[in-house]
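Here's a quick tour of a protein model, one piece at a time. Keep the sequence and the 3D view open while you read.

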Amino acid sequence: MLSLEPLNGPLGCAVHGIDVRAGLARGELRALCDALYEHRLIVLKDQRCTEDEYNAFGRLWGEPITHIFGDDRVPGHAELLTIGNTGEHQRDALIRNSSAYWHTDHAYETEIATATMLYAVKVPDTGGETRFADQKAAYDELDSATRRRIDGLKAVHSYAATAGRDGEHACAPLSEEQAALAPPVRHRLVRRHSVTGARALYAVAGTAFAIEGLPDEEAQVLIAQLKAHATKEKFVYEHRYEVGDIAIWDTQATLHCGKPIGAPSGPGTERVLWRICVRGKPACHR
Ligand SMILES: [Fe+2]
């Protein structure tokens, strides 16, 4: 029987008593969705599943997104990416830590992602955590003048535009071909959630590099102010994975940031997580 347990922070809850391999019983997906939209992050504990079983579970949450950069795809599974520090590609520090800055997945695309999940296959003894920041709580705490100012504004986003700023980890620069696949797009700074309708700050860090209609200097100041507010410690939970965790977060209402990790150097240092990212609505809300 499914049970929820709050995590040790301002957002997130652990979910016990569910086995994604077996498929979800009637009402279980709805219960998980309710928990996700209430807590922003849910961590399904003690899972064990194959690539196919995980993919089938992922499709319940929306339409899987095939990442425009295919280097980390799990062979034979275009919708699955390997995140971590193993494999030749991930021995490069910039690539290995390409999520080590505050961002929202796929905010650089026109059609936004609605959920991301990571299944912890291998976990190092130390390091490799992900930090999550609650963007509904951050919006709710804005003063009314700031809300009025930003409610109608649109940010301009580009892939990893602000990685490397504010002391954060840099990303590997895009090749010309990659940049051509990800031209700038626009999203409202404040979005209404596609299921709940709740307002939240959206992707004010990571990809937002300009604001439509604002002079660049003014836009940079506003983006920096919003990021500083949105990533305050009081909105942040840091998750340390255990093998078998499936962490699912609401990309419409969170920012996240991987902690930098080194290359593997022996037992207890490898990190392997399988990532699925989806857009659209979960099956129980279609
Ligand atoms: Fe990410």
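In this predicted model, start with helix H7, whose buried residues are Leu222, Ile223, Leu226, Lys227 and Ala230. They sit on the same side of H7, because they cover an arc of only 130° around the axis. Flip to the other side of H7 and you'll find Glu217, Glu218, Val221 and Ala228 exposed.

**More on helix H7 and the core**

- H7 runs through residues 216–230, and its 15 residues should span 21 Å at 1.5 Å a residue; the end C-alpha atoms are 21 Å apart, which agrees.
- The general rule to keep in mind is that an α-helix has 3.6 residues a turn, so residues three or four places apart point the same way.
- What do the buried residues of H7 pack against? Their partners are helix H4 (135–140) plus four strands: E8 (130–134), E12 (199–201), E13 (208–211) and E16 (254–258).
- Ala230 turns up again in the largest nonpolar core, which has 72 residues. Along with Tyr119, Leu201 and Val204, Ala230 is among those with the most contacts inside that core.
- Val204 touches several residues of H7: leaving aside neighbours within four places in sequence, its contacts are Leu189, Ile223, Leu226, Lys227 and Ala230.

**Two loop residues to look up**

- Thr162 lies in the loop between strand E9 (154–157) and helix H6 (176–181).
- Is Thr162 buried or exposed? Thr162 counts as buried, because 23 other C-beta atoms lie within 10 Å and the cut-off for buried is 20 or more.
- Apart from neighbours within four places in sequence, Thr162 is in contact with Tyr101, Ala205, Gly206 and Phe209.
- Thr162 and Tyr237 are 75 residues apart along the chain, and their C-alpha atoms are separated by 22 Å.
- Leu214 sits in the loop between E13 and H7. With 17 other C-beta atoms within 10 Å, Leu214 is partly exposed.
- Not counting residues up to four places away in sequence, Leu214 touches Ala219 and Leu222.
- Try finding Leu214 and Leu153 together: they are 61 residues apart in sequence and 9.1 Å apart in space, C-alpha to C-alpha.

**Helices H1 and H2**

- Helix H1 (residues 28–39) has 12 residues and reaches 16 Å from its first C-alpha to its last, close to the 16 Å expected at 1.5 Å a residue.
- Which residues of H1 are buried? They are Leu32, Cys33, Leu36 and His39. Those residues cover an arc of only 150° around the axis, which puts them on the same side of H1.
- The cover over the buried residues of H1 includes strands E2 (13–16), E3 (41–44) and E15 (246–250).
- Just after H1 comes Arg40, with a positive phi of about 75°.
- In helix H2 (residues 51–59), the buried residues are Tyr54, Phe57 and Gly58. Look down the axis of H2 and these residues fall within an arc of 100°, so they line one face of the helix.
- Strands E4 (63–64), E6 (77–84), E7 (115–122) and E17 (272–279) are included in what covers the buried residues of H2.

**Strands and sheets**

- As background, strands of a sheet pair through backbone hydrogen bonds, either parallel or antiparallel.
- One open sheet has 3 strands in the order E10-E9-E13, with antiparallel pairing. Its edge strands are E10 (185–188) and E13, each pairing on one side only. Neighbouring strands here are turned by 40° against each other on average, direction ignored.
- E9 and E10 are joined by 4 bridges in the antiparallel sense, and the bridge partner of His157 in E10 is Val185.
- Another open sheet of 3 strands goes E14-E8-E16, also with antiparallel pairing. Strands E14 (236–239) and E16 have a single partner strand each, so one side of each is left without a neighbour in the sheet. In this sheet, neighbouring strands are turned by 20° against each other on average, direction ignored.
- How many bridges join E8 to E16? There are 5, and the two strands run antiparallel. Thr130 stands opposite Gly258 in E16.
- Strand E1 (residues 3–6) pairs with E2 in the antiparallel sense over 4 bridges, and Glu5 has Ala14 as its bridge partner in E2.
- The hairpin of E1 and E2 has 6 residues between the strands, and Gly12 takes a positive phi near 95° there.

Methods. Residues are numbered from 1 along each chain as its sequence is written. This is a predicted model: local features need pLDDT of at least 70, side-chain atom pairs count only at pLDDT 80 or more; totals for chains, interfaces and linings use all residues. The expected span of a helix is 1.5 Å times one less than its number of residues. A residue is buried if 20 or more other C-beta atoms lie within 10 Å of its own, exposed if 12 or fewer, and partly exposed in between; C-beta atoms are placed from the backbone. The arc is that of the directions from the helix axis to the C-beta atoms. Two residues are in contact if their C-beta atoms, placed from the backbone, lie within 7 Å. A nonpolar core is a set of buried Ala, Val, Leu, Ile, Met, Phe, Trp, Tyr and Cys residues joined through C-beta atoms within 7 Å. Two strands pair if DSSP finds at least two bridges between them. Axes are lines fitted to C-alpha atoms, for helices over the stretch in contact, and angles run from 0 to 180 degrees between N-to-C directions.
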